[in-house]
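Good morning, and thank you for joining this session. I shall take you through one structure, beginning with its surface and then turning to its sheets and its salt bridges.

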Amino acid sequence: MYLYNSLTHKKELFVPRDEKLVRMYTCGPTVYHYAHIGNLRTYIMEDVLEKSLRYLGYPVKRVMNITDVGHLSSDADTGEDKMLKGARREHKTVMEIAKYYTDAFFSDCDKLNIKRPDVVEPATNCIDEYIHMVSTLLEKGNAYIAGGNVYFDTATLPQYYVFNDHDEEDLAVGVREGVEEDTNKRNKNDFVLWFTKSKFEDQALKWDSPWGVGYPGWHIECSCISMKHLGEYLDIHAGGIDNAFPHHTNEIAQSESYLGHKWCNYWFHVHHLNTDSGKMSKSKGEFLTVSLLEEKGFDPMAYRYFCLQSHYRRNLVFSWENLQNAAAGYDKLIARIAALGKDGEVDEAAFAEQKKRFENALNGDLNTSVAVTSLYDVLKAKCNDATKRALLADFDRVLSLNLMEAADKLAAKQAQEAAQSADPEIDALVAQRTAAKKAKNFAEADRIRDELKARGIEIIDTPQGSKWKRI
Ligand code: AMP
Ligand code: ZN
């Protein structure tokens with residue numbers, strides 16, 4: 001598999017350190033609010049990456065954190081803890097907020113067929129690990145104490161900016177909101193490993209540490225949680241592009257200083273979902289959620305299909321019109337699958353040929369739009385329907401678009417409708433009942449209803465007229 005590696009700025013053949021296990025880490029959500037559909041784009045593409053690796057024969061162990069402490073409103077260590085902000089907004093405790101939005105996140109993931117990572121670890125679970133790493137960094141001379149906080153000293157690194165081919169706009173995102181200069185820092189890029197001095201006295205979660213009562217910085221959690229479950233070497237680290245700087249840059253700085261060797265070989269960054277008016281952000285107040293899509297009548301699968309149609313390394317523009325087009329495309333696809341027959345034997349040669357094309361799409365830096373096109377190639381192929389169904393079910397192990405379930409449901413619905421319209425005698429009785437009702441002959445209308453009921457037919461009165469179904 002070829003993947004674009006943000007560290008080397010090119011597509012590279014993916015070679016895990018250990019063939020028997022790909023070690024993959026993904027930055028999880030900050031659970032102070034619902035995930036917006038931009039966040040979920042990143043999780044969908046990471047899900048496709050994990051499933052592609054498994055499909056291509058690599059066993060994977062994937063770990064994700066839940067940020068429930070330490071992420072300040074500016075990624076540059078200033079502002080208020082986002083969790084505290086959420087708690088204040090909703091008059092709840094920080095732990096209540098964390099539980100509520102963690103559950104909401106996984107419920108959104110379920111709706112979008114995003115598999116739960118093998119390990120999910122809340123940041124507040126690993127305080128001992130942070131204290132150990134920070135102590136080691138202090139001993140090694142990579143960290144210093146100033147004004148009560150512990151800082152990482154970026155001057156001790158041979159190279160700090162490792163992802164420097166990102167555009168300025170993305171690099172600036174993390175440090176834009178309300179930046180205030182911290183005079184304790186020796187170098188402008190130094191970052192907090194452990195806070196004891198916060199401007200906010202009411203910081204809800206605090207722990208004892210060798211440097212006083214305080215709480216961890218945001219970046220340290222990902223390094224420690226990754227090492228706790230995946231060891232000293234990581235194959236793939238994934239996240240949204242805004243996390244490349246400062247978050248991932250700082251993760252590399254502290255991890256490699258702590259370990260004394262290279263930590264992670266491949267960095268996978270998903271580009272942003274934007275709206276016409278720019279970047280999507282939770283802090284802007286109103287934002288787009290999966291529930292909102294559902295309220296507007298969209299199947300979450302239509303959003304997953306929309307995301308898969310574009311490459312993860314391109315910005316994607318969301319509009320209701322674009323989503324509507326994707327939903328129409330998805331519905332047509334399901335209708336075509338529903339029309340396939342089920343009889344026959346799978347043609348193994350045809351199966352292998354089509355599968356190869358699908359694998360090539362995944363192998364070429366996760367080209368999901370080509371992978372989606374290969375669904376249509378299968379539908380057009382010269383093989384029999386049984387082979388087509390087998391192929392589509394197989395590809396859906398990666399794409400997770402509910403293809404077969406949705407198509408079978410549609411086919412059953414269509415069959416039921418067809419069965420209904422195929423009974424002229426029942427139709428005639430329903431019409432007689434309608435006429436009786438119109439003539440205010442309710443006794444006759446009820447008699448017909450009872451007669452139909454005795455024959456296992458239920459009448460449903462709708463504004464468009466009376467329909468019936470078998471019970
Ligand atoms: P957060 O909950 O803010 O920590 O972000 C969760 C994930 O969503 C991170 O991997 C971010 O990089 C990613 N992310 C944030 N905004 C967007 C966006 N507009 N489009 C795609 N991914 C995003
Ligand atoms: Zn992270």
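Let me begin with a definition: a residue is called buried when its relative accessible area is under 20%, exposed when that area is over 50%, and partly exposed in between. What you see on the screen is a predicted model, and I ask you to keep that in mind throughout.

With the definition in hand, consider V15. Its relative accessible area is 47%, so V15 counts as partly exposed. The residue is located in the loop that connects β2, residues 10-13, with β3, residues 22-26. On the surface, V15 joins Y2 and L13 in a nonpolar patch. Together, these three residues offer about 280 Å² of accessible area.

I turn now to the sheets. In what order do the five strands of the open sheet lie? The order is β5-β4-β3-β10-β11, and the pairing is parallel. At the edges we find β5, residues 119-122, and β11, residues 264-270, each of which pairs on one side only. On average, and ignoring direction, neighbouring strands of this sheet are turned by 20° against each other.

Within this sheet, please look at β3 and β10. The latter covers residues 234-240, and three bridges join the two strands, which run parallel. One pair of bridge partners consists of M24 and, in β10, I236. Across β3, β4, β10 and β11 lies helix α1, residues 37-55. The helix runs at about 160° to β4, a strand that spans residues 60-66.

There is also an open sheet of three strands, ordered β13-β12-β14, whose pairing is mixed. Its edge strands are β13, residues 278-279, and β14, residues 316-318, and each of them pairs on one side only. Strand β12, residues 273-275, pairs with β14 in the parallel sense over three bridges. Here T275 stands opposite F318, which belongs to β14. Helix α9, residues 300-308, packs on this sheet and touches β12 and β14. The direction of α9 makes about 150° with that of β14.

My last topic is the salt bridges. How many salt bridges does the structure hold? The count is 31. I have selected a few pairs for discussion.

The side chains of E129 and K228 form a salt bridge in which the closest N and O atoms are 3.8 Å apart. This pair links distant parts of the chain: E129 sits in helix α4, residues 127-139, and K228 in helix α6, residues 218-230, with the two positions 99 residues apart in numbering. E129 has a relative accessible area of 26% and is therefore partly exposed. K228, at 38%, is likewise partly exposed.

Next, D394 and K355 meet in a salt bridge with an N to O distance of 3.0 Å. D394 belongs to helix α13, residues 385-399, and K355 to helix α11, residues 348-363; the two are 39 residues apart. Are these residues buried or exposed? Both D394 and K355 are buried.

Helix α11 also contributes R357, whose partner D377 lies in helix α12, residues 368-380, 20 residues apart along the chain. The side chains of D377 and R357 meet at 3.5 Å, N to O. R357 has a relative accessibility of 41%, so it counts as partly exposed.

Finally, some residues are connected beyond a single pair: E46, E50, R54, R62, K115 and D118 are linked in a network of salt bridges. Thank you for your attention.

Methods
Residues are numbered from 1 along each chain as its sequence is written. Chains are lettered from A and ligands numbered from 1 in the order in which they are written. This is a predicted model: local features need pLDDT of at least 70, side-chain atom pairs count only at pLDDT 80 or more; totals for chains, interfaces and linings use all residues. Side-chain values use heavy atoms; hydrogens and water are left out. Patches are made of residues with over 30% relative accessible area and no salt bridge: like charges are joined within 9 Å, nonpolar side chains (Val, Leu, Ile, Met, Phe, Trp, Tyr) within 5 Å. Accessible areas come from the Shrake-Rupley method with a 1.4 Å probe; for residues, only the protein chains shown count as cover. A salt bridge is a side-chain nitrogen of Lys or Arg within 4 Å of a carboxyl oxygen of Asp or Glu. Helices (H or I, at least four residues) and strands (E, at least two) are DSSP runs, numbered from the N terminus. Buried means under 20% relative accessible area, exposed over 50%, partly exposed in between (1.4 Å probe, protein chains only). Two strands pair if DSSP finds at least two bridges between them. Axes are lines fitted to C-alpha atoms, for helices over the stretch in contact, and angles run from 0 to 180 degrees between N-to-C directions. Contact means heavy atoms within 4.5 Å.
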